[in-house]
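Thank you all for making time this morning. I would like to walk through one structure with you, slowly and piece by piece, so please have the view open in front of you.

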Amino acid sequence: MALAIGDRAPAFNLPGVDGRNYALADFAGKRALAIIWSCNHCPMVVRYEDRMVELQRDYADRGVQVVAINSNDVARYPDDSFERMVERAREKRFNFPYLRDETQQVARAYGPAVTPEVFLFDAERKLVYHGRIDDNPDDPSAVRRRDLREALDALLAGAPIATAETNAVGCGVKWK
Amino acid sequence: MNDPDTRTADAEGLARARRLVERRLERYLRRSRYRLFPDEMVVRSLVTRLARNLLERGRQYCPCRKVAGDRDADRPNICPCRSHRDEIARDGHCECRLFVSQEFAERHGRIQAADER
């Protein structure tokens with residue numbers, strides 16, 4: 001069962017591809033935290049990677065942090081190994097932490113169904129938006145609803161988020 | 001090649017592929033006990049990917065599976081894929097969530113209605 005709007009972000013402490021560990025508390029100073037469940041192999045994720053980098057670039061100076069987490073079962077999907085995560089992050093020049101949730105405990109606490117799937121938290125780490133990044137994985141130029149950006153803009157402006165939940169499109173999280 | 005004629009031809013090809021995918025899905029749904037995921041945007045995205053795979057690779061491979069480029073090895077991943085029934089029985093939906101069980105659709109449909117209020 002996924003987190004509900006208003007729930008607090010469960011704590012985590014996970015290794016990142018840059019060699020350091022990241023805990024939820026490490027982002028305490030951020031006005032917003034967008035945790036995106038991701039992976040290396042899903043064709044849908046691949047379509048969104050550039051947009052994730054752009055998001056971090058566009059919102060970094062407004063106190064927003066993007067974090068990607070990969071919880072997929074490596075035994076069945078070796079493309080999602082930590083080594084491949086390091087390569088992927090380097091290749092796509094990720095400007096956000098990309099973390100490995102080997103035991104899937106964090107995924108079970110948050111409840112993503114697919115990758116990519118967003119959990120956006122406010123400064124108090126309450127969930128304010130959950131779902132997709134936007135409405136068109138295929139063609140960034142044809143996006144009509146930039147759901148995550150709209151939620152971020154509202155959050156940062158102190159305004160209500162018009163659509164707090166959407167359905168994400170992607171590959172199922174690969175549970176053990 | 002990004003001239004208008006090429007783009008038009010691509011768009012027309014994709015539109016034809018979409019219509020073909022949609023007709024195939026409709027036929028399958030009529031004879032199966034499954035439903036489509038109850039979110040138009042999700043379905044539209046998945047159908048677009050299926051159509052692109054049909055256009056570019058010759059078959060409507062599942063949008064969420066890697067295409068190895070080996071026709072025999074990739075055959076099980078032609079939508080509806082070989083594993084979709086087991087996935088739906090276990091999770092209520094197939095891997096990419098195009099096909100869902102009736103129970104999943106009804107449960108999700110109720111949640112959607114509450115959000116739209």
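What handedness does the β-α-β unit made by β3(A), helix α1 of chain A and β4(A) have? Before I answer, please keep in mind that what you are looking at is a predicted model. The unit, which is built from β3(A), helix α1 (residues 43–59) of chain A and β4(A), is right-handed.

Let me stay with the strands of that unit for a moment. Strand β3 (residues 32–37) of chain A pairs with β4(A) in the parallel sense, and six bridges hold the pairing; if you want a place to put your cursor, A:A34 has A:V66 in β4(A) as its bridge partner. Strand β4 (residues 64–70) of chain A also pairs with strand β5 (residues 98–100) of chain A, again running parallel, through three bridges, and here A:N70 has A:R100 in β5(A) as its bridge partner. Of the seven residues of β4(A), five are buried, and so this strand is largely enclosed by the rest of the structure.

If we now leave β4(A) and go into the loop that leads from it to α2 (82–91) of chain A, we come to A:V74. Is A:V74 buried, exposed or partly exposed? It counts as partly exposed, because it has 18 C-beta neighbours inside 10 Å, where a residue would need 20 or more to be called buried. Leaving aside residues up to four places away in sequence, A:V74 touches A:D80 and A:S81, whereas A:R149, 75 residues away in sequence, lies 31 Å from A:V74, C-alpha to C-alpha.

Next, please move to the hairpin of chain A. Strand β7 (residues 117–121) of chain A and β8(A) run antiparallel and are joined by four bridges, with A:F121 standing opposite A:L127 in β8(A). Five residues lie between the two strands, and in this hairpin A:R125 takes a positive phi near 65 degrees. As for strand β8 (residues 127–131) of chain A, five of its five residues are buried, so to speak of it as mostly covered is fair.

Finally, I turn to the contact between the chains, to which chain A contributes 15 residues and chain B contributes 14 residues. Which element gives the most to the side of chain B that touches chain A? That is helix α2 (residues 40–57) of chain B, which supplies six residues. Sorted by class, this side of chain B has six nonpolar, six charged and two polar residues.

Methods
Residues numbered from 1 in each chain as written. Chains lettered and ligands numbered in written order. Predicted model: local features only at pLDDT ≥ 70, side-chain atom pairs only at ≥ 80, totals over all residues. Contact = placed C-beta atoms within 7 Å. Nonpolar A, V, L, I, M, F, W, Y, C, P; charged D, E, K, R; others polar. Buried ≥ 20, exposed ≤ 12 C-beta atoms within 10 Å, placed from the backbone. Pairing = 2+ DSSP bridges. Right-handed = clockwise from strand over helix to strand, strands pointing away.
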